[in-house]
Amino acid sequence: MEAVTNNVYHDKVVIRLIQFSIVWALAAMGAGVYISAELIWPGIDFGQFWLSFGRLRPLHTNGIIFGFGVSALMATAFYSVQRTSHVPLFAPKLAWFCCYAWQLLVLTGGLSLLAGWNTSKEYAELEWPFDIVIAVIWVCFGVVFFGTIATRKIKPIYISNWFYGALIIVIAMLHIVNNLAIPVSIGKSYSLYAGAQDAVVQWWYGHNAVGFLLTGGFLGMMYYFLPKHAERPIWSYRLSVVAFWAFTYSYIWAGPHHLHYNSIPEWVQSLGMVMSIVLLAPSWATLINGVMTVSTAWEKLRTDPALKFIVLSLAFYGLATFEGPMMSLRSVNVVSHFTDWTIGHVHSGALGWNAMITYGTFYFMVPRLVGRELHSVRLANIHFWLALAGTMLYIVSMWAAGVSQGLLWLSVDNIGELSFSFKDIMASMAPYYGLRLVAGLIFLSGTALMAFNLFMTLKGQHATRVSVPAVDPAYGVS
Amino acid sequence: MSGLSLHKKIEENAGLLIFGILFVSAIGGLVQILPILNQDSLSTATENTRVYSAVELTGRDIYIREGCSVCHSQQVRPLIAEVERYGAYSRAGEFVYDRPFLWGSKRTGPDLHRVGGKFSDDWHRIHLIDPRSVVEASIMPAYPWLADRDASDTGNISAKLSALRILGHPYSDEDIDNADADLQGIKEIDALIAYLQMLGTGYSEGDSS
Amino acid sequence: MGTEIYSHLLIRSLYQPIDAFQELAKVEPSPMGVLFRYTIWLLLLPPIFSLIGAANFGWRLGADEPLLLPTNSLVLISIGYFLALVFGLITTAIISSWMAATYGASANFGKHVALITIVGEPLAIASVIHLFPDVFVNLLVLIPTMMWSMYLLYKGVPIVLDTPPERGMLMASSLVGWLLVAAVSLLGLSMALWTLGVGPLLGV
């Protein structure tokens, strides 16, 4: 490794994290497509325990969240924190440790899920040895990130770093509290909480993993890359301050809407519902801030694929953050709970928002990181339409499936007898599952195009050495 | 001090920012979770709810290992259609020995909270090994390996019971001593069926709760 | 200028959309003229098709038995459907012309109504599939059509509203965001009404 001087940004680790992120995206989306096919042709697990739906599904969700998502968040956090602090990464060796240790964790954790080490708590399925490793790496991530901020040459801490900071702090808190357990063997433990209490703790974690990782973390991405692309500051600084604190405060309360009509006290359910609706305000305030930033700075914009992805991701962010509070209304939730509508809602966020903003960010960063043009703009434009078509098809087919399920399950005739058997309703889902499979394939093929495109862009190139710019003494830390 | 000038302090001081985020985000959790953890009615068993036997607990751990809760909920909501389809709605007191809870978030297959006693052991055995031989339209995976593996290989059962006893489950010394013997000679599928057959038996109409 | 060329544009937009958009960019149609001479008639198609289909065959949500409702509730639902479409189209046109200031686009309201009509036209025509009231078959036809409509929106906004492609793309994405939210609100609203007792019986 060449010697890195003190005044050059550490971008190699960023490139490596992007590469890993794309690999996990392909693997985990591939697993998703496979399990969606298993729901149509259950025989394709060939009687192999490690291909069984119940084991592949956690692999799919964990692969996307921790493999694809967290790698992308680490990459963009490392990239932007240096550029908003005007210093190279603090403890670069530790950053490299985070990078590789995390990949090893995702790989071995994924294999452990296939082996059946599974706590069964959603998005926290990994067993206790992995939970400890996650906590250690997470602390290292925090040291690198906050260390860089502590050594910054710019006095104010930029907005994107608040969100990345919240990601690191809140996820650490959630992760530790929710995973407290008594181990009985290397691959098995019993939760410290039982029954209804465990349910409330788990959805406090589950909902806010979505909140501070998949929403907040990626908003950090938006707050850095959107103004960067538009070459102008964020539209309203005041709005971003208010929205950030309101978001951080109110998201935490919304978890119990995952447990409507379940065996938990009603006050918790109602509180969760009300706070979910309140949450719409900060979510959309941030949306407006992002949209207005690009909309009022259009003179500087070149319509490249990167921007198209980021702007479209905001449309889906708007959808997902509206749909969520709506589904938390008890009268809607009574139909949507336990159905494929939930799956559709998750994917309007995961495909439309998380994946698309990440794709846009990668298309933005990779050419800049190696100082050459994107290999093919045309391929990226095709990817844009594949991603949009895949997401729309996915969402709409799951809306149809979920609404049908919900209504048919609850449907009773004039004398109060159930109108349909569960079996018949389940059997009627096959066509929707078929559409969803096609949607997944379309989206995955777009991701594969991007992987190829970025691979060709990176091929044979080294990270450009970007020097830290001189800092106006007026902003320097005294 | 105006709001924005206070904020100027926070955003120029990493320590204050970290503390601010931790403080603001912790409030909601504390207000919801602490009362829930201290609410006795949520940790008091219903009359007929008992701890899992060594065999049932092994079955439950197999249920968790195979990810059954990904497609089957264990939570009958208090809705007319739901009670009619599955049985009495779920009470918090029935889940006090569930670590972790297995309510689930998706019903690709039917709810299982009241499945205990609805089908014979033989039906379950055939269904688990080859679901489509009994329910033609089923999309459930087959679990042939459960019939081959010994239940005693699933994990150290006496260690499991001891761990749960630390957490307050009323297992006697005798229960723990006999646990290994209870699993002798049975397969994983037998343990899983024993668990399925006791599911939802912690409540019957007329119970007070 | 009048709305005479508009019927020809509606047809042309089906096979040469870019040319049709360029022609539309040159005229300043009157909003009421477009709305009442063309848009309303297109918006009548989906409810009529669905009324005929549902009355004769009953909607299939998936399970075996089709959902047959009495004719008068079908008529009511079709009227509601029509009003929802009209409401959706007009609000979209209003939001679009409201956004025009931000995106430096033409503020002529008639153009916005005309553009949204052309964008929605493929969907109105494809709604002929409502004659066969099976949810899955309808999705199969309407989702690809919807993708085509979205493509028309992205292509049409910069041309018709005379704004640079960069800003056109931003504006089209904002409209997509609005349409997604509108769609899901409709879904949520109908579920809430249904569980509160309007529509077929539910055991809640």
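What pattern does chain B follow when read along the sequence? Read that way, chain B runs α-α-α-α-α-α-α-α-α. The legends below walk through this predicted model, beginning with that chain.

**View 1. Chain B, a chain of helices that is more spread out than a compact globule.** Chain B has 9 helices and 0 strands. Its radius of gyration is 22 Å, whereas the globule rule gives 17 Å for 209 residues, so chain B is more spread out than a compact globule. Along the principal axes, the C-alpha atoms of chain B fill a box of roughly 75 × 45 × 40 Å. Even so, 56% of the 209 residues count as buried. If you follow the contacts between residues at least 6 apart in the sequence of chain B, 74% of them join residues at least 24 apart.

**View 2. The surface and charges of chain B.** About 8700 Å² of chain B is accessible surface, and 56% of this area belongs to carbon and sulfur atoms. Chain B carries 19 positive and 29 negative charges. The mean positions of these two sets of charges are 8 Å apart.

**View 3. Helix α9 of chain B, a mostly covered helix.** Helix α9(B) spans residues 188-198, and 9 of its 11 residues are buried. The buried set starts with B:Glu188, B:Ile189 and B:Ala191, continues through B:Leu192, B:Ile193 and B:Tyr195, and ends with B:Leu196, B:Gln197 and B:Met198. What do the buried residues of α9(B) pack against? Their partners are two helices of chain B, α3 (54-65) and α5 (121-129). Just after α9(B), look for B:Gly200, which takes a positive phi of about 75°.

**View 4. Cysteines without a disulfide.** A search of the whole structure, over all chains, turns up 0 disulfides. Take A:Cys98, which is in no disulfide: the nearest cysteine sulfur belongs to A:Cys140 and is 5.0 Å away. A disulfide here requires sulfur atoms within 2.5 Å. A:Cys98 is also buried, with a relative accessible area of 0%. Why does B:Cys71 form no bond with B:Cys68? The sulfur of B:Cys71 is 8.8 Å from that of B:Cys68, the closest cysteine sulfur, and this is too far for a bond. B:Cys71 counts as buried too, at 14% relative accessibility. As a reminder, a disulfide is a covalent bond between the sulfur atoms of two cysteines.

**View 5. Chain A, with both helices and strands.** The secondary structure of chain A comes to 14 helices and 2 strands. How does its radius of gyration sit beside the value for a compact globule? Chain A has 22 Å, which agrees with the value near 23 Å that a compact globule of 478 residues would have. The box filled by the C-alpha atoms of chain A is roughly 80 × 50 × 45 Å along the principal axes. Buried residues make up 68% of the 478 residues. For contacts in chain A with a separation of 6 or more, residues 24 or more positions apart account for 83%.

**View 6. The surface and charges of chain A.** The accessible surface of chain A comes to about 15100 Å². Carbon and sulfur atoms hold 69% of that area. Chain A has 25 positive and 20 negative charges, and the mean positions of the two sets are 15 Å apart.

**View 7. Chain C, a chain of 7 helices and 0 strands.** Reading along the sequence gives the pattern α-α-α-α-α-α-α for chain C. The radius of gyration of chain C is 18 Å, in agreement with the value near 17 Å for a compact globule of 204 residues. Its C-alpha atoms fill a box of roughly 55 × 30 × 30 Å, taken along the principal axes. Which share of the 204 residues in chain C is buried? Buried residues make up 52%. Among contacts in chain C with a separation of 6 or more, 70% come from residues 24 or more positions apart.

**View 8. The surface and charges of chain C.** Chain C exposes about 9100 Å², and carbon and sulfur atoms supply 73% of this area. The chain has 7 positive and 10 negative charges, whose mean positions are 7 Å apart.

Terms used:
Residues are numbered from 1 along each chain as its sequence is written. Chains are lettered from A and ligands numbered from 1 in the order in which they are written. This is a predicted model: local features need pLDDT of at least 70, side-chain atom pairs count only at pLDDT 80 or more; totals for chains, interfaces and linings use all residues. Side-chain values use heavy atoms; hydrogens and water are left out. Helices (H or I, at least four residues) and strands (E, at least two) are DSSP runs, numbered from the N terminus. The radius of gyration is taken over C-alpha atoms; the globule rule is 2.2 Å times the number of residues to the power 0.38. Buried means under 20% relative accessible area, exposed over 50%, partly exposed in between (1.4 Å probe, protein chains only). Contact means heavy atoms within 4.5 Å. Accessible areas come from the Shrake-Rupley method with a 1.4 Å probe; for residues, only the protein chains shown count as cover. Lys and Arg count as positive and Asp and Glu as negative; His and the chain ends are not counted. The place of a charge is taken as NZ of Lys, CZ of Arg, CG of Asp or CD of Glu.
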